[in-house]
Structure formats: structure tokens, C-alpha cells
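Trainee: I should like to learn how the features of a structural model are read. Could we go through them one at a time?

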Amino acid sequence: MDSDVFLQLTVSGLSNGMVYALVAVGFVVIFKASDVINFAQGEFLLFGAYLAFAFIAQFGLPWSLGVLATLLTAAMIGLIVERLVLRPLIGEPVISMIMVTIGLSSLLRAVVNGIWGVRPKAFPNFIPSGEVEFLGAIVGFDRLLVIAIAAILLTVLTLFFRYTRDGIAMRAIADDQQAALSMGISIKRVLAVAWAMAAITAAVAGIMLANTVGVSHDIIFIGLRVFPVVILGGLDSVPGAIVGGGVIGLLESYTAGYTTSGLELIVPYIVLILVLMVRPYGLFGKEIIERV
Amino acid sequence: MESGIFFSDYRSDMALRRMPLQKVRTGLLLVGLVVFPFLATPYWLNLANQIAIATIGAIGLNILVGYTGQISLGQGAFMAVGAYGSGLLTVRLDVPFYLSIPAAAAITAVAGLVVGLPSLRLKGLYLAVATLAAQQIVEFVVTHWDGLTGGTEALVVPAPELFGARMNTDGRFYWILVVVALAVALFAANLFRSRVGRAWVAIRDQDIAASAIGVNVFGYKLLAFATSSFLVGLSGALLAHYRSIVTWERFTIEVSISYLAMIIIGGLGTISGSFFGASLIVLLPAMINTLGRSLQDTAPWAATVLPYVQQGVFGLVIILFLVLEPEGLAKLWRNVKDYFRVWPFSY
């Protein structure tokens, strides 16, 4: 086995995995607070990427302001979605929750395509292009930045869930909604914060994707590819999302490198099914699955 | 107008259609279905055929999701199994379509058992994600197993023949579809009044309570997967022969989603809802298309945004129904019926 190839595959797999992890964190935040899986996460990514494109390339804002505006707009969208779509459905069965986010994904996709069209756009690179050699493998700056951002986000979120009022309230609600309510925690507020946070992390991931793979419609499919990541890591675990992202990214990268038939497209899903069979709550998730 | 419901023997009490008005409506429906192809243009016949196929698939999905409470995102995959099954039997082995379609449905039922078997340990969200994975894997197999399915190439299925006539027009295929759809609806309506149907509803409402009163949860869930997949495979197989061409693009995750939308919009756990939902999801894009065409002269830009409008309206309709009328079109229809049943004395 060629060790150079192996190293290169490892590095690219890890950096892809960290993008997955960024996306997965958005899932986790929403699931932690409300037990909802957001099937529209891919569209949130798309929105983030196109918003950044609009602010920076179309309106000509400097990139620092552009990113800030993107994040603020994304948070607004998250809040609006939560208020108009999710809140009326609190307490409804799982199928309604799943379907409403699927409907949302269709609507958001239509809005994005209607505004910006479906053709891929060139994103103005604001990350200095360049490469570093690391143990014989070549790593682009953009990839390193993704890894750094994932690390920062993980730290911030861990601190958020451990020390802030809203973070602790979120954990309380995830643990027992009734008990949390009777302790005076406002579910509405917590859900709003969760959706705003999920939209922001998705926007960050969207901007990173725009930088590495360009602004295009294909970003949506990353939303579906992240399911294996969250299931593997555990739906309610932030570290799980990072580890799951890394593992799935590596798996994809190795299968793509060492096999030829496009197997990397389904290997994550096979892992997903295996995980669901053996350990449905994932590596780091809380063990509350009831079986029949 | 009725003043009360009186039955003096079990037979009339157990009948599927008990009220005079119900019988009138059923009669009108049947007459309408027979007269329709003689009055309708080919465009409307085509839509009617699509609705019939979608209704069969939606009833199948409703058995699983609406009655048994098992969420499935794998509808597209099961339809693919039915379509390719029947198509390949006809093309490779020269099996006549009236045998290949049921055979394909049976194959799909087995596929449903395979997907259902491990999924039985999972509930709700996890089951949805597992069926999503199954959908992706089936899609991959269909597009990559060139030797069997022809990969991404389209599989051309010859037009079916019945009594020496080629069923290659919308008008002729209509009869096959209407008969099958009515038979499926009748079968499902009776199924839900039987022991099996009630066991499914019990599992949906509270599985632990169901097993406590002696329902074999494991067995009935498997049965639901098999029955549902049988009907879904049937609709996939009919689609293959109706379109006379099978391509994998017709069986993507989008298809799974639009079928889920049908039963949500129509009403979970109702047969009339499956029909209403299927009709709405088939007619909505067609209507928007027509609207866009008629605007073409006054507003030429309308044509370019048409696909996005269709997609956006699709999403919006799902959201609006879930937020405003979670019981769907079937509930609205029930309201209308109730209003007229006791009209004009509503109290």
C-alpha cells in the first residue's frame, strides 16, 4: 500500500468529515432541544452559501461584514421558521414533524432557486489559497480552516451547553419536557434559540462549502449525507457529531480511493443501518431508545 | 335528511355502505368513472391514469404509515422494485403483463419484509432514517447493477396486450387502472375492519398496550410491511407498463416524499384521503403548468420560474395542511358530508 496515497486520503477524508461535522452540529442542536430531525438542514446550508455569495459578490461588502450579515440573516430565517412552522406543531406526532421539515426544505429550495437560479456560481475566495505540507501530505489552507472552525465551534457549543442559561435549559428540556416546563423554563424561547443556532451553524458550514466546492445546488445533498454522521455519533451529542463526521469522512475517502465502483456513495448508509441495528443511540448518544 | 340510524339485522349493520346517501354517492362515483373516458380529453385521461396509479401507491403507504404508524421514506425504492421486477419479467422472460404485475408485487412484498425485518426494532425517527438509507441503497443498486437493470439506461417495456388488443393508449389503460384501483380500495376498506386492520391500529396508537392485550406486535408489523409493499410494488409495476419505460429517475427520494405528502395532505389512515391526496399532488403541478402557459403571452418570465413555483407550492401546501388541518382533505370532506347529512337542521 502506498503510504503517500494513504496519508493524502486520510487528510482529505478528515477535512471533508469536519464539514460534515459542522453540518451535523446543526442537527444535534435542534434535536437536543426539541427531538425534531431537521430534514431542511441541507437547504439551510444552501441558503447560507447563497446569502454569503449575495452579500460578498453581488453587494460587494468586505468579507468580514459579508459573513456577519450572512450569519445575522440566517439567524433571522431560523427564528422565522421556528415561529411560523415549528411552534404550531409542538406536541404533534413524529411523522408531522418530519413532514413539516420536508415541506420546509422544498419551499426553501424553491426560494433559493427562484432568486439565484440553479447554475453554479463562482465564489470570491477570501481564504488565502495555499498549501502546507504535513507529514508528506498536501493540505490546502481552506481545509485547515474548516478543521479550525469545527474545533472552535465544538468548544463554544460545549461551553454553551455547560455554562449558559439557555444551554442548560435546552438540556433540561431534552431530558424531560414536562419537568422543565414546571421549573419555569420557556420552551418557546429555547426552541427559538435552538433554531437560530442551527441556522447559524448551517450558514457557517455553507460558507465553508462555498469556499471549498463552490456555490451550487449540489450543496443540498450534503444535508442527506449527514444522516449517517449524526446517527453514528448519537443524535444528541456534539462531540459525537465531530467524531461521526471524522469517521464517515475517512470511510468515504478510503472507499473512494481504494475501490472504483462509486461505492463511497452508499458506504455511509450501510454504516448507518449497521449502527441502527447494533447501537441505535450512536457512539455518544443518550441511551433512551425503547424497543418493542 | 336522516333522523336516526336504524338497522334490524347484522348484515345491514356491517355493510360497507350503510346510509342511503352513501349508496347514492357510491353509485354516482361508479357512473362517473364509467362515463369519464368517453367525455375526457387525452390530457385529462393521462392525469386520471396518473391519479389511479398514485392512489394505489398511496393506499399502500397509508397501510404502513397511517394505520400501523411506521414511518417509511422508502416508497420510491419499493416502487422501483415493482417497476423493474415487472418490466424485466416481461422483457427478459416474455411473461404476460397480467402475470408479471402480480409477480412483481409479490417480489416487492418480500423486499418489504427484508427492509421491515430489521426496522422492527426501531421506532419513529430512527425507522424513518433507516428507510431513508434503504432508499439510497436501492437507488444505488438500480443504477449500478448494469447486468440486471441496465443501469442508468432506460428499460423499454412493450405495451401490454389484453384480449388481443394493445393497451397502448390512455383510454384503454384507464380501464385496467380503474379496476385495479377500485379493487385495492375495496380490499383496503375491508382489511381495516378485520382483525388484522384493528391490530394495526392498536399498534399505531400504543404498541405496548397492544402487546399487553395479546396482539403479536412483531408479526403484525411484518404483515403491514409486506401488505404495504405489495400494493406499492403493484403501483410501481402498473407505472412501468403504463409509461412503457422504466428509468431510475422516477423512483428517487423525491418520489418517497411526494407519496408521504399525498397521505399527509389527504389524511393519515383513511382510504378516501389516499385518493384525495393523490389527486391533489398529481393535479397541482399540472394546474400550475397550465396557469404558467396561459400567462406566457402577458408575462414571458413566468415560464422560467415555473419549476420553482411548483416546488415552492408543494412545500407550502404540506406545511399549511400540517399547521392548519392535520387530518387532511379527508377531514374537510367529512365536514362537508356531515353538514349536508343533517341539513338544514344542524343541531
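Trainee: How many helices and strands does the secondary structure of chain B come to?

Mentor: Helices (H or I, at least four residues) and strands (E, at least two) are DSSP runs, numbered from the N terminus. On that basis chain B has 15 helices and four strands. The radius of gyration of chain B is 21 Å, close to the 20 Å that the globule rule gives for 347 residues, so chain B is as compact as a globular protein of that length. The radius is taken over C-alpha atoms, and the rule is 2.2 Å times the number of residues to the power 0.38. Along the principal axes, the C-alpha atoms of chain B fill a box of roughly 65 × 60 × 45 Å.

Trainee: On what conventions does this reading rest?

Mentor: The model is predicted: local features need pLDDT of at least 70, side-chain atom pairs count only at pLDDT 80 or more, and totals for chains, interfaces and linings use all residues. Residues are numbered from 1 along each chain as its sequence is written, while chains are lettered from A and ligands numbered from 1 in the order in which they are written.

Trainee: What percentage of the residues of chain B count as buried?

Mentor: A residue is buried if 20 or more other C-beta atoms lie within 10 Å of its own, exposed if 12 or fewer, and partly exposed in between, with C-beta atoms placed from the backbone. In chain B, 44% of the 347 residues are buried. Contacts are defined by C-beta atoms, placed from the backbone, that lie within 7 Å. Of the contacts in chain B with a separation of 6 or more, 76% involve residues 24 or more positions apart.

Trainee: Which elements make up chain A, in order from the N terminus?

Mentor: Chain A contains twelve helices and two strands, and they run α-α-α-α-β-β-α-α-α-α-α-α-α-α. Its radius of gyration is 19 Å, close to the 19 Å that the globule rule gives for 292 residues, so chain A is as compact as a globular protein of that length. Buried residues form 49% of the 292 residues in chain A.

Trainee: How many residues does each chain bring to the contact between chains A and B?

Mentor: Chain B brings 35 residues and chain A brings 37. On the side of chain B, α6 (124-144), α12 (253-266) and α14 (302-324) each supply at least two residues. The largest share, twelve residues, comes from α6(B). This side of chain B holds 26 nonpolar, six polar and three charged residues. Here Ala, Val, Leu, Ile, Met, Phe, Trp, Tyr, Cys and Pro count as nonpolar, Asp, Glu, Lys and Arg as charged, and the others, Gly among them, as polar.

Trainee: How is the packing of two helices described?

Mentor: Two packed helices are described by the angle between their axes and the distance between the axes. Axes are lines fitted to C-alpha atoms, for helices over the stretch in contact, and angles run from 0 to 180 degrees between N-to-C directions. The axes of α3(B) (residues 42-67) and α12(B) come within 9 Å and cross at roughly 75°. That makes α3(B) roughly perpendicular to α12(B); the classes are roughly parallel under 35 degrees, roughly antiparallel over 145, roughly perpendicular from 65 to 115, and oblique for the rest. Residues making the contact include Ala54(B) and Leu61(B) of α3(B), with Tyr259(B) and Met262(B) of α12(B). The contact comprises seven nonpolar, four polar and no charged residues.

Trainee: Is Ile56(B) of helix α3 buried or exposed?

Mentor: Ile56(B) lies in α3(B) and is buried, with 29 other C-beta atoms within 10 Å. Leaving aside residues up to four places away in sequence, Ile56(B) touches Val180(B), Ala181(B), Val184(B), Leu231(B), Leu234(B), Ser235(B) and Leu238(B).

Trainee: What is the sign of phi at Ser244(B)?

Mentor: Most residues other than glycine have a negative phi, and most peptide bonds are trans. Ser244(B) has a positive phi of about 55° although it is not a glycine. Ser244(B) sits in the loop between α11 and β4 (245-246) of chain B and is partly exposed, with 16 other C-beta atoms within 10 Å.

Note on methods: Contact = placed C-beta atoms within 7 Å.
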